[in-house]
Amino acid sequence: MADILFACWEKKEWKGESKMRKYKSNGELETVICNACGKKMAVKNGIAREGVLRIDHVWDYFSEKDGEVHHLDICEECYDNLMRTLRLPAEIEETVEFM
């Protein structure tokens, strides 16, 4: 599995933004950057204008990361690449109403 890596997930030195999300002084979202490839995603009026997977995960007691909360954003292209590497596919369901 480890040899099934793709270009946007290669380990490389990052010289870009230090945070994947930036907010204006009024709290409005200004910038979203993919944690995998570094792509700066389109944001307009505080709303991401392209596909982005937002992960906010609280690690629990049985984890080596107990007490840590991890936040990351993944662009749609990197998400699709990640899905191709999984042994079992993600469970996907259609939504009736978009919010």
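Strands here are DSSP runs of E with at least two residues, numbered from the N terminus. I start with that because two of the short runs, β4 (43-44) and β5 (47-48), frame the loop that holds Gly46, and I will come back to that loop. The model is a predicted one.

First, the overall layout. The protein chain has 1 helix and 7 strands. Reading from the N terminus, the order is β-β-β-β-β-β-β-α, so by the DSSP numbering the strands run from β1 to β7 ahead of the helix. The chain has 99 residues, and 18% of them count as buried. Its accessible surface is about 8,400 Å², with 52% of that belonging to carbon and sulfur atoms. As for contacts between residues at least 6 apart in sequence, 38% join residues at least 24 apart.

Now the sheet. β1, β2 and β3 make an open sheet of 3 strands in that order, with antiparallel pairing. Its edge strands are β1 (21-23) and β3 (40-41), each of which pairs on one side only. As a general matter, strands of a sheet pair through backbone hydrogen bonds, either parallel or antiparallel. Between β2 and β3 there are 2 bridges, and the two strands run antiparallel. In register terms, Ile33 stands opposite Lys40 of β3.

Thr31 is a useful residue to look at in strand β2. Is Thr31 buried or exposed? Its relative accessible area is 7%, and the cut-off for buried is under 20%, so Thr31 counts as buried. Setting aside neighbours within four places in sequence, Thr31 is in contact with Met20, Arg21, Lys22, Lys40 and Val43.

Next, the core. Which residues make up the largest nonpolar core? There are 8: Leu29, Val32, Cys34, Ala36, Met41, Ile74, Cys75 and Cys78. Two strands, β2 (29-33) and β7 (69-75), each supply at least two residues of this core. The general background is that in soluble globular proteins, nonpolar side chains tend to be buried together.

Back to the loop between β4 and β5, where Asn45 is also found. Phi of Asn45 is near 55°, a positive value in a residue other than glycine. For context, most residues other than glycine have a negative phi. Asn45 has a relative accessible area of 58%, and exposed means over 50%, so Asn45 is exposed.

Gly46 has 22% relative accessibility, which puts this residue in the partly exposed class. Which residues does Gly46 touch, not counting those up to four places away in sequence? They are Glu28 and Leu29. Gly46 and Glu28 are 18 residues apart in sequence, yet 5.1 Å apart in space, C-alpha to C-alpha. Leu29, the other contact of Gly46, is one of the core residues listed earlier.

Last, the aromatics. The count comes to 1 aromatic pair. That pair is Tyr61 and Phe62, arranged edge-to-face, with 5.2 Å centre to centre and 85° between the planes. Both of these residues are exposed. There is also a charge over a ring: Lys65 lies over the face of Trp59, at 5.0 Å from the ring centre.

To recap the points to check on the screen: the open sheet of β1, β2 and β3, the core of 8 residues, Asn45 with its positive phi, and the pair of Tyr61 and Phe62.

How values were computed
Residues are numbered from 1 along each chain as its sequence is written. This is a predicted model: local features need pLDDT of at least 70, side-chain atom pairs count only at pLDDT 80 or more; totals for chains, interfaces and linings use all residues. Side-chain values use heavy atoms; hydrogens and water are left out. Helices (H or I, at least four residues) and strands (E, at least two) are DSSP runs, numbered from the N terminus. Buried means under 20% relative accessible area, exposed over 50%, partly exposed in between (1.4 Å probe, protein chains only). Contact means heavy atoms within 4.5 Å. Accessible areas come from the Shrake-Rupley method with a 1.4 Å probe; for residues, only the protein chains shown count as cover. A nonpolar core is a set of buried Ala, Val, Leu, Ile, Met, Phe, Trp, Tyr and Cys residues joined through side-chain atoms within 4.5 Å. Rings of Phe, Tyr and Trp (its six-membered ring) pair if their centres lie within 6.5 Å; planes under 30 degrees apart count as stacked, over 60 as edge-to-face and the rest as tilted. A charge sits over a ring if NZ of Lys or CZ of Arg is within 6 Å of the ring centre and within 35 degrees of the ring normal. Two strands pair if DSSP finds at least two bridges between them.
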